[in-house]
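Work through the exercises below with the sequence and the 3D structure open. Try each task before reading its solution.

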Amino acid sequence: MVGAGGIGCELLKTLALSGFQDIHIIDMDTIEVSNLNRQFLFRQSHVGQSKAKVARDAVLRFRPYISITPHHANVKDSDFNVDFFKQFSVVLNGLDNLDARRHVNRLCLAAEVPLVESGTTGFLGQVTVHVKGKTECYECQPKPAPKTYPVCTITSTPSKFVHCIVWAKDLLFAKLFGDKNQENDLNVRSSDASKSSEHGEDVFERRNNEDIEQYGRRIYDHVFGYNIEIALSNKETWKNRNRPKPLFSRDVLPEQLNYQNGNVDKKCATDDLSSVSAMASLGLKNPQDIWSLTENSRVFLESLKVFFACREKEIGNLSFDKDDQLAVEFVTAAANIRAASFGIPLHSLFEAKGIAGNIVHAVATTNAVVAGLIVIEAIKVLKKDIDNYRMTYCLEHPSKKMLLMPVEPFEPNKSCCVCSESPLALEINTHRSKLRDFVEKIVKAKLGMNSPLIMHGSNLLYEVGDDLEDDMIANYTANLEKVLSELPSSVIGGTMLTVEDLQQEFTCNIYIKHREEFDEEKEPDGMVLSGWTQSPLEKKDDNKSVGNGGSTSTSMPSEGQSVELDEISEGTEICSKKRKQPEVSAGETNNKNEVERLDVVDDGEEEIVILDGWDTSNKKKKLQEPMLKAIVSAGFSISERKEGLRKGR
């Protein structure tokens with residue numbers, strides 16, 4: 001078992017009661033108070049202790065004769081390598097993040113151990129089976145990426161409340177309480193200097209001896225008043241949009257504010273400053289009430305006041321935390337004031353916190369149902385009953401009078417770079433982008449590698465590891481700061497790079513395509529990674545039909561298409577074999593080559609992943625196998641393989 005949280009507690013109980021005798025649990029987390037409403041193996045007295053160890057002790061009280069081995073550790077630690085995974089008959093995932101899921105998937109593929117994957121979000125969930133060579137691996141289909149919004153929409157033309165939340169959280173909160181030197185569009189100043197002489201200086205800098213309420217009102221007037229006035233001066237923007245209304249504190253609040261509950265010193269007299277509340281000061285008790293514009297304005301000024309009075313030492317280093325009561329109150333109030341300006345419906349603190357923290361509130365019953373389904377599939381795996389493996393989806397509303405929808409497993413995707421070793425393509429400016437950009441944004445962020453090794457032919461460009469000598473470390477560190485085309489073995493358009501993670505025993509080939517310019521809004525990384533579409537070595541024959549070379553999928557979201565917060569289904573292209581499919585949603589396509597798939601990545605740990613567009617139209621092309629593949633398959637140890645790579649063997 002990997003994970004002892006929402007799904008994990010239910011899973012361990014069900015395994016024990018189903019007759020499983022030898023179970024290992026890996027979980028790096030400790031128990032928090034917020035876990036207790038659904039992770040039933042834990043009690044108040046366990047807060048701060050290891051989830052894996054406490055879960056073991058709890059189950060052994062009613063099943064004392066089975067063997068449960070807890071590991072309070074990160075599954076990505078080097079101790080949990082391929083050899084460790086080989087000792088198990090099946091691996092069961094109850095994780096809450098994509099990075100760890102991908103890591104376990106690769107270890108299971110390398111160890112040739114079946115994996116049963118799972119996830120829940122609210123009432124939705126799924127259980128899938130992954131067996132090397134027989135079903136698709138966990139990464140055969142692209143996973144949901146966190147939703148991002150264009151900066152221009154957030155700063156200039158918000159149309160949804162989520163836009164206001166992102167503005168309040170990532171721009172205003174960060175500017176006021178985070179790094180003071182960061183630049184963003186909140187620094188806009190009125191072009192009419194005579195209108196407000198104070199706009200000749202940094203508005204966000206508190207003046208000497210300035211009263212905190214005066215400072216708060218000045219910030220209020222700047223971001224909700226002057227900045228909106230400046231935006232309105234561009235008449236083209238508002239030809240086909242509703243014009244926002246500038247808001248100034250004098251029009252919303254009296255000159256002097258009266259507070260109901262004592263002075264600031266009393267509020268600050270607590271050991272847990274993250275629990276200090278502006279709501280309490282103002283007598284606002286119900287977080288599900290929708291505050292008026294006046295109430296939001298009062299909360300905005302009061303929370304700003306409390307931050308400076310009680311938590312001034314933290315200012316300059318703060319980042320938004322959904323568990324920080326004062327931060328949530330400030331962001332809710334700021335988002336609602338901005339929403340009022342742009343004619344967007346206001347939301348309660350409860351709703352705003354859910355959006356700001358990407359929260360979908362956990363449903364314990366869904367975790368229990370999913371845990372039961374995991375055990376059912378695990379038993380099939382142990383029996384090698386492959387004909388009866390099922391991917392099962394939990395639905396919120398009945399479809400065909402069913403709440404559980406079983407689907408036959410998908411075949412391995414021949415375009416998968418993980419289990420089918422299909423190359424990828426990377427568009428990048430090889431004359432501007434550094435090797436560090438490639439490592440951080442592609443190898444680690446996109447490919448999920450922890451300890452990458454990068455080769456160009458037989459030349460080793462970069463690696464990490466404890467066994468490196470000082471001169472090698474210095475050499476690789478220097479390479480990181482060089483642009484790709486200036487590396488010792490120049491990386492330019494047409495270059496094929498081989499990237500490997502020795503711990504995961506995962507190798508990937510990336511074909512480099514040089515590209516001069518990128519759209520800063522749509523392609524902020526300055527590089528685009530995609531699946532293999534056409535071999536650079538093959539000359540296109542214009543007389544040939546499309547055949548197997550292009551995608552036949554028509555249901556993919558188009559580039560830049562917005563996806564609503566509550567969308568959870570994922571469109572994917574089927575490889576070949578026809579499969580029975582459920583009616584997952586009203587918007588499901590009936591195309592025989594396509595199926596809508598739920599792909600929930602949470603285990604009820606109060607997080608949601610919001611989907612964006614992706615491309616699954618990529619086809620595998622034959623390439624000459626790199627030298628590295630032969631080394632990987634030869635069975636050498638990690639240290640032997642590294643040494644062989646360094647010497648070009």
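Helices (H or I, at least four residues) and strands (E, at least two) are DSSP runs, numbered from the N terminus. The model is a predicted one: local features need pLDDT of at least 70, side-chain atom pairs count only at pLDDT 80 or more, and totals for chains, interfaces and linings use all residues. Residues are numbered from 1 along each chain as its sequence is written, and side-chain values use heavy atoms, with hydrogens and water left out.

**Exercise 1. Two arginines**

Task: For Arg217 and Arg101, find the helix of each, and state which side chain each one contacts.

Solution. Step 1: Arg217 lies in helix α7, and Arg101 in helix α4 (residues 98-111).
Step 2: apply the accessibility classes, in which buried is under 20% relative accessible area, exposed is over 50%, and partly exposed lies in between (1.4 Å probe, protein chains only). Arg217 has 10% relative accessibility and therefore counts as buried; Arg101, at 0%, is buried as well.
Step 3: look for polar contacts, meaning pairs of N or O atoms within 3.5 Å; within protein, one must be able to donate a hydrogen and the other to accept it, and residues adjacent in sequence count only if both atoms are side-chain atoms. The side chain of Arg217 makes such a contact of 3.5 Å with that of Ser249. For Arg101 the partner side chain is Glu117, at 2.9 Å.

**Exercise 2. The sheet and its helix**

Task: In what order do the 6 strands of the open sheet stand, and which helix packs on the sheet?

Solution. Step 1: count two strands as paired if DSSP finds at least two bridges between them. The order is then β10-β9-β11-β12-β8-β13, with mixed pairing.
Step 2: find the edges. β10 (459-463) and β13 (527-531) each have a single partner strand, so one side of each has no neighbour in the sheet.
Step 3: take one pair. β8 (residues 424-428) and β12 (residues 506-514) run parallel over 5 bridges, and Ile428 is opposite His514 in β12.
Step 4: add the helix, with contact meaning heavy atoms within 4.5 Å. Helix α15 (residues 435-444) packs on the sheet and touches β8, β9 (452-456), β10, β11 (496-501), β12 and β13.
Step 5: list the buried residues of α15, which include Leu435, Phe438, Val439, Ile442 and Val443. They cover an arc of only 120° around the axis, so they sit on the same side of α15; the arc is that of the directions from the helix axis to the C-beta atoms.

**Exercise 3. The largest nonpolar core**

Task: Which residues touch the most other members of the largest nonpolar core?

Solution. Step 1: define the core as a set of buried Ala, Val, Leu, Ile, Met, Phe, Trp, Tyr and Cys residues joined through side-chain atoms within 4.5 Å.
Step 2: among its 60 residues, Phe177, Phe300 and Phe330 touch the most other members.
Step 3: trace the source. α6 gives the largest share, 12 residues.
Step 4: leaving aside residues up to four places away in sequence, the contacts of Phe300 include Leu172, Tyr220, Phe224, Phe330 and Ile337.

**Exercise 4. Positive phi**

Task: Where are Glu112 and Lys400, and are they buried or exposed?

Solution. Step 1: Glu112, not a glycine, has a positive phi of about 55°; phi of Lys400 is near 55°.
Step 2: Glu112 is in the loop between α4 and β4 (115-121), and Lys400 in the loop between β6 (391-399) and β7 (402-407).
Step 3: Glu112 is exposed at 59% relative accessibility, and Lys400 is exposed with a relative accessible area of 53%.

How values were computed:
Axes fitted to C-alpha atoms, helices over the stretch in contact; angles between N-to-C directions.
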